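Here is a set of short exercises with worked solutions. Have the structure open in your viewer and try each task before reading on.

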Amino acid sequence: QQQLPKAKAKVADIHTHMYPPEYVKVLESRNTIPLVRKFPTASDPRLVLLEAEVPLLESAQQDPSLLPGRPLTKHFSSLDQKIHFMDTHSIDISVISLANPWLDFLPSDQAAPSATSINSSFSSMCATHPGRLYFFAALPLTAPPSDLLASITSIASLPYCRGVILGTSGLGSGLDDPALLPIFTALAEANLPIFLHPHYGLPNSVFGPRSAAGEYGHVLPLALGFPMETTIAVARMFLAGVFDAVPKLSMILAHSGGTLPFLAGRIESCIVHDGALVKRMKEGGKRRSLWEVLRSQVYLDAVIYGEVGLKAAVEASGSSDRLMFGTDHPFFPPVGGEKGEEDGEWESVGLNVKAVVKAMGDGVEYEGVMGGMRSGF
Ligand code: URA
Ligand code: ZN
């Protein structure tokens with residue numbers, strides 16, 4: 001078992017998900033992803049979320065020896081299990097969020113009532129553990145624009161809400177869609193940061209037939225598809241001038257900003273060498289560089305599992321104050337196969353904490369990333 005360093009200040013996990021039971025019910029009723037399906041060869045139903053999991057979902061009808069998705073364990077819906085996980089890993093505070101793909105797939109007329117119900121479930125869960133739980137609300141992105149705006153007003157009044165979780169699809173055309181500007185403005189005015197989280201990844205063709213056949217598990221879509229999706233979404237927002245149009249907008253980027261800390265220089269160089277683009281981006285005054293935006297409007301989580309990635313994240317965001325610990329629970333459970341193993345310490349958490357210690361040392365910077373500087377949640 002991993003021996004986790006004990007932080008003296010409070011530890012806050014800002015990247016930790018749940019699917020409330022009513023959301024699981026919706027998934028159980030579906031025939032296309034996202035869905036929950038039972039297979040005779042497995043005790044837990046399977047939670048199938050990603051496009052990359054569809055080939056195995058189809059082949060498992062004939063041959064269920066390789067099952068799609070991941071087991072839907074009690075960790076996804078049980079609040080007791082979340083608290084147990086927090087206690088096991090010395091986590092004082094969790095900012096819980098609905099996991100992907102949130103409400104993105106709902107028909108327009110169902111989105112707003114579902115968001116109200118899901119956000120109210122999260123509020124009630126937080127109220128049962130005051131001071132330990134907060135949440136990022138889900139937005140009804142497919143609802144009519146007036147309902148979407150109204151949902152932001154109501155979310156802002158929920159006492160445990162600390163922001164919203166958002167995927168990269170926006171209203172269907174991505175986050176550089178001008179139609180999203182009123183939404184971003186409303187969020188900024190309400191002081192609600194966006195926790196940006198990937199779901200759609202990259203097309204399966206990029207990963208090749210051996211990945212589709214299940215040979216590489218989830219490695220390519222999760223380790224590479226997810227971070228590239230985040231990188232592209234934020235680059236598009238930057239190129240479209242969203243950060244200048246809504247200067248009070250704050251974003252927390254999942255997985256330490258995807259590959260933005262590594263690629264920001266190259267993005268900047270490509271802009272600087274495109275005369276027309278530079279001209280357009282300078283309209284209305286001086287152009288802010290991606291580095292400047294990263295250092296003023298962007299926070300990064302520390303869910304990157306490596307010292308090098310964390311150091312890049314600190315450099316890119318300008319300060320370890322802008323980096324926040326996360327676990328991604330209930331994803332990445334231990335896979336040793338021992339009974340009750342999921343109730344113990346998770347290797348994924350240990351790996352991440354160790355990476356933070358290696359990158360930050362074990363002093364105030366470590367405490368800060370782990371949540372200590374932000375105990376005023
Ligand atoms: N896989 C997902 O689908 N979502 C996560 O948040 C992590 C892994
Ligand atoms: Zn996540």
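**Exercise 1.** In which helix is the place of Pro21? Classify its exposure, and then find how far it lies from Ile118.

*Solution.* A word before we begin: this is a predicted model.
Step 1: Pro21 sits in helix α1.
Step 2: Count the C-beta neighbours of Pro21 inside 10 Å; there are 11. A residue with 12 or fewer is classed as exposed, so Pro21 counts as exposed.
Step 3: Pro21 and Ile118 are separated by 97 residues in sequence, while their C-alpha atoms are 9.5 Å apart in space.

**Exercise 2.** Describe helix α4: its span, its buried residues and what covers them.

*Solution.* Step 1: Helix α4 runs over residues 108-127, which is 20 residues. From first C-alpha to last it reaches 29 Å, close to the 28 Å expected at 1.5 Å a residue.
Step 2: The buried residues of α4 are Ala111, Ala112, Ser114, Ala115, Ile118, Asn119, Phe122 and Cys126.
Step 3: The elements covering these buried residues include α1 (21-28), β5 (93-98), β6 (133-138) and α5 (145-156). Ile118, the partner of Pro21 in the distance above, is one of the buried residues of α4.

**Exercise 3.** Is Ser123 of α4 buried, exposed or partly exposed? List its contacts too.

*Solution.* Step 1: Ser123 belongs to helix α4.
Step 2: Ser123 has 18 C-beta neighbours inside 10 Å, so it counts as partly exposed.
Step 3: Setting aside neighbours within four places in sequence, Ser123 is in contact with Leu158 and Tyr160.
Step 4: For a long distance across the model, take Ser123 and Ile232: they are 109 residues apart in sequence and 32 Å apart in space, C-alpha to C-alpha.

**Exercise 4.** Which residues have the most contacts inside the largest nonpolar core? Follow one of them outward.

*Solution.* Step 1: The largest nonpolar core holds 97 residues, and Phe135, Val164 and Val356 have the most contacts inside it.
Step 2: Choose Phe135. Leaving out residues up to four places away in sequence, Phe135 touches Val95, Ile96, Ser97, Phe122, Cys126, Tyr160, Cys161 and Arg162.
Step 3: Compare with Exercise 2: Phe122 and Cys126 are among the buried residues of α4. Tyr160, also touched by Phe135, is a contact of Ser123.

**Exercise 5.** Which residues surround ligand 1, and how do they divide by type?

*Solution.* Step 1: The shell around ligand 1 consists of His17, Leu49, Ala99, Asn100, Leu222, Asp328 and Phe331.
Step 2: Sorted by type, these residues give four nonpolar, two polar and one charged.
Step 3: Look at Asn100 again: its peptide bond to Pro101 is cis, with omega near 5 degrees. Pro101 lies in the loop between β5 and α4.
Step 4: Now take Asp328, which is touched by His15. His15 is in strand β1 (residues 12-18), and it counts as buried because it has 26 C-beta neighbours inside 10 Å. Its other contacts, not counting residues up to four places away in sequence, include Ala254 and Asp301.

**Exercise 6.** Where does helix α8 kink, and what follows the helix?

*Solution.* Step 1: Helix α8 covers residues 219-239, has 21 residues and reaches 30 Å from its first C-alpha to its last, close to the 30 Å expected.
Step 2: The kink, about 35 degrees, lies at Gly225, shortly before the proline Pro227.
Step 3: Gly241 follows α8 and has a positive phi, near 80 degrees.
Step 4: On the other side, His218 is in the loop between α7 (204-212) and α8. His218 counts as partly exposed, because it has 18 C-beta neighbours inside 10 Å.

**Exercise 7.** Examine the backbone at Pro34, Ser90 and Tyr305.

*Solution.* Step 1: Ile33 and Pro34 are joined by a cis peptide bond, with omega about 0 degrees. Pro34 is in the loop between α1 and β2 (35-37).
Step 2: Ser90 is not a glycine, yet its phi is positive, about 55 degrees. Ser90 lies in the loop between α3 (79-88) and β5.
Step 3: Tyr305, also not a glycine, has a positive phi of about 60 degrees. Tyr305 is in the loop between β10 (298-301) and α13 (307-317).

Note on methods: Residues are numbered from 1 along each chain as its sequence is written. Chains are lettered from A and ligands numbered from 1 in the order in which they are written. This is a predicted model: local features need pLDDT of at least 70, side-chain atom pairs count only at pLDDT 80 or more; totals for chains, interfaces and linings use all residues. A nonpolar core is a set of buried Ala, Val, Leu, Ile, Met, Phe, Trp, Tyr and Cys residues joined through C-beta atoms within 7 Å. A residue is buried if 20 or more other C-beta atoms lie within 10 Å of its own, exposed if 12 or fewer, and partly exposed in between; C-beta atoms are placed from the backbone. Two residues are in contact if their C-beta atoms, placed from the backbone, lie within 7 Å. A residue is near a molecule or strand if its C-beta atom, placed from the backbone, lies within 6 Å of it. Ala, Val, Leu, Ile, Met, Phe, Trp, Tyr, Cys and Pro count as nonpolar, Asp, Glu, Lys and Arg as charged, and the others, Gly among them, as polar. Helices (H or I, at least four residues) and strands (E, at least two) are DSSP runs, numbered from the N terminus. The expected span of a helix is 1.5 Å times one less than its number of residues. The bend at a residue is the angle between axes fitted to the seven residues ending there and the seven starting there.
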